[in-house]
Amino acid sequence: METTVNQIGSASPAPIKAVHKTGTLGSHLARRLAQIGVKDVFSVPGDFNLTLLDYLIADPELNLVGCCNELNAGYAADGYARAKGVGACVVTFTVGGLSVLNAVAGAYSENLPVICIVGGPNSNDYGTNRILHHTIGLPDFTQELRCFQTITCAQVVVNNLDDAHEQIDTAISTALKECKPVYISISCNLPGIPHPTFSAEPVPYFLAPKISNQLGLEAAVEATAEFLNKAVKPVIVAGPKLRVANAQKAFVDLANACGFPVAIMPSAKGLVPEHHPHFIGTYWGAVSTSFCGEIVESADAYVFVGPIFNDYSSVGYSLLIKKEKSIIVQPNRVTVGNGPSFGWVFMADFLTLLAKKLKKNSTAVENYRRIFVPPGVALKREKDEPLRVNILFKHIQDMLCGDTAVIAETGDSWFNCQKLVLPENCGYEFQMQYGSIGWSVGATLGYAQAAKDKRVIACIGDGSFQVTAQDISTMIRCGQRTIIFLINNGGYTIEVEIHDGPYNVIKNWNYTGLVDAIHNGEGKCWTTKVRTEDELTEAIATATGTHKDSLCFIEVFVHKDDTSKELLEWGSRVSAANGRPPNPQ
C-alpha cells in the first residue's frame, strides 16, 4: 500500500503506480523533501553541492532560496520548521557545514526537524591520502561529521549508491520521528547517476504513530487524578515541549475540562490560545505576568506539561516550585510529585484520558479574578518627547491579529514581546533555550517563506541585527512583506543588565541607509526612522497601508537605558546565578 504523508504521524492511502522508472539520487532526495512538506530549501552554493542543487531546482514542487551565508540559511530552515513542521538547508563541505553548525545546534535545542544537507567530496577521494580544498589540510574527511554528531539525531555520509536510498530515507524519517535535525553528506559526483534503488516517484513514508503503554497510561492517569482531585487550588502550566509532543489540542481539551487556571512558561508562548477564559499569563518566576506568578506559586498542586527548567526560564534557579506538589508531564513520561514515574506514556494520550478523570475545580481561577487588577496605561507623553519602549510595544499590540506572527529576537524583545496579548491564530516564535543573537533575521526569512498567509512582525535589537543583517536581501528578493522594528539603543542591552562593560557598546550604523543600499531599487522595500510616538504612528500607518505589500523596515530610536522592568529583575538574578562561587572541594 502506497501512502501519502501529509504531516508527521498521519497518512492517507493512495494507489500504487504500476510503472517503475529508475531515478537518480538527486531526484530521490528532492522528491523526499517535497513529500514531507518542504517546499522551500535554503541554500548557499559551493562547488561540492552544485550538481545536487540542479536536481533540487528541477523538482517542480521545490523552490530553492539562496541565502547570503550558511548561518542564515540554517536559521531560515529553523524558522521554516516552526511554521511548517520541517525545514531543510543545503551547504557545501566543511566551510559551509561548520558555518551552519550554530544554527543546527539551535534547532536541536528547540526540537525542530531540520534536514541539513552537505555536498561532500567525490566518492573516489574517500579512503585515499589526498588533501582537498575546503578542509583543514588533513586527509581525514570526518571533521565535519564529528562536529555534527552531538547536535543531530542521525548522521549519514552517502559515498556509494548501493546504500544511498536507505541512508537518506533513514535520516529523514529519523528527523521526523525525533523532531531533531539530521546531517546528510552526499558525494558531489553521485546526484546525477541513476540507480535501480531509486524510482522517479518514491513510495512516500508511513510513520507509525507512537502508542502509549496502556497499563502505564492508565496507572499514570489514576495516580495524577487522585493527586489533583484532592488539591484545593491546582493550576496547569504549558511548556515548550507541547510542540514536539503535538499535544496542543489535548492540552486545551484538558484546560476546558478541569477548570484550572492556565499559565504558560515563557518559551511556550504561542502554543496555547491566550483568549482561553482561564488563561492567566506567563509564569516566569519573579518576572511573571502580574498576578500569574502568585497564583502558580501559591497553588497546592501544579501540572507542568512539557516544561524545560533552565537557568533562564527559572530566572537564575529562583522559582518557588516544590517537587512534591508537581506533576511533570514530558513527551513520553509522567512523574507524580516525589512518587511514581511512568515511562512510555505519551503526552497527548495522557492529557486526553486525564481530562475525563478530573473533577472540575475553578477555585484558583476565582482567586485570580478576585486579585486581578488590569494593567496600567503608559504615562501621558509630552509633545515631541523621545519615544519610549513601552509606547512602542503598545502600538505593536494594536497591530496584532490572526493574520500576523511575532518573531522576538534574543534580548529585551523577549520580555516586551512576552507581554503582548496574542489574538486567536496569531503566531509567535522566539529562541529561548539556545538564545543565539542574530537568530531572528534568518528565522524571520524562513517563517515568512513558510507562512505566506501571515504578515510577520519582527522585533530585533541593533546588536543582534549586526550579526546577520545580510539576509534582508533575501527577504526582498523573495517578495516578503515583513515589518521589522529595528530597536536602536546603542548596544547589547540584555548583556548590560547581566554584566556591564565597554564591550556591550556597539558602533552605530545607519540602519535604514544599509537596508536602502541592499534594496538598490530592486523589489519592494520601504524604510523610515522614528524618534517620537507621532512618527511611529505615521510609520505604522504607512507600513500597513500604502506599503502593505512591501518589506517595511522601521528603525526606532530609544534611550540606551530604556528597558523593561522584567529585564532589570531577570538580569540581576541571572547575574547572581552566573557569579556563584565554586563549591568547596
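Begin by selecting strand E6, helix H4 (residues 97–109) and strand E7, which together make a right-handed β-α-β unit. The model on display is a predicted one.

**First stop: strand E6 and its partners**

Keep E6 selected, which covers residues 87–92. Six of its six residues are buried, and the strand is mostly covered. In a regular strand the side chains alternate between the two faces of the sheet. To follow this in E6, colour Gly87, Cys89 and Val91, which point one way, and then Ala88, Val90 and Thr92, which point the other way. The residues of both sets are buried.

Next, add strand E7, residues 114–120. E6 and E7 run parallel and are joined by six bridges. Glycine 87 in E6 can serve as a landmark here, as it stands opposite valine 114 in E7. Then add strand E4, residues 40–43, which pairs with E6 in the parallel sense over two bridges. On this side, serine 43 stands opposite valine 90 in E6.

**Second stop: aromatic rings**

A pair of aromatic rings is described by the distance of the centres and the angle of the planes. The model holds 21 aromatic pairs, counting rings whose centres lie within 6.5 Å. One of them is formed by tryptophan 344 and phenylalanine 346, with 4.8 Å from centre to centre and 70° between the planes, an edge-to-face arrangement. Switch on the surface to view these two residues: tryptophan 344 is partly exposed, with a relative accessible area of 48%, whereas phenylalanine 346 is buried, at 11%.

Move on to tyrosine 428 and phenylalanine 430. Their ring centres are 5.9 Å apart and their planes stand at 65°, so this pair is edge-to-face. Tyrosine 428 and phenylalanine 430 are both buried. Which aromatic cluster includes Tyr428 and Phe430? Extend the selection to Trp284, Tyr312, Trp414, Phe415 and Trp570, which form one aromatic cluster with Tyr428 and Phe430.

**Third stop: arginines over rings**

Select arginine 32 together with tyrosine 205. Arginine 32 lies over the face of tyrosine 205, at 4.4 Å from the ring centre. Then select arginine 531 and phenylalanine 557, where the arginine lies over the face of the phenylalanine ring, at 4.1 Å from the centre.

**Fourth stop: two buried threonines**

Select helix H15, residues 462–468, and look for threonine 468 within that helix. Is threonine 468 buried or exposed? Its relative accessible area is 1%, and the cut-off for a buried residue is under 20%, so threonine 468 is buried. Its side chain reaches the backbone oxygen of glycine 438 at 2.7 Å. To see what surrounds threonine 468, show Leu71, Asn72, Tyr75, Gly438 and Val441, with which it is in contact when neighbours within four places in sequence are left aside.

Finally, select helix H14, residues 439–450, which contains threonine 444. Threonine 444 counts as buried because its relative accessibility is 0%. Which backbone oxygen does the side chain of threonine 444 reach? The side chain reaches that of serine 440, at 2.6 Å. Leaving aside neighbours within four places in sequence, the contacts of threonine 444 are with Ile407, Val456, Ala458, Met475, Gln480 and Thr482. Display these residues around threonine 444 to complete the tour.

Notes:
Residues numbered from 1 in each chain as written. Predicted model: local features only at pLDDT ≥ 70, side-chain atom pairs only at ≥ 80, totals over all residues. Heavy atoms only, no water. Phe/Tyr/Trp six-rings, centres within 6.5 Å; stacked < 30°, edge-to-face > 60°. Buried < 20%, exposed > 50% of the residue type's maximum accessible area, 1.4 Å probe, protein only. Lys NZ or Arg CZ within 6 Å of the ring centre and 35° of its normal. Helix = DSSP H or I, 4+ residues; strand = E, 2+ residues; numbered from the N terminus. Pairing = 2+ DSSP bridges. Right-handed = clockwise from strand over helix to strand, strands pointing away. Polar contact = N/O pair within 3.5 Å; in protein donor to acceptor, adjacent residues only side chain to side chain. Contact = heavy atoms within 4.5 Å.
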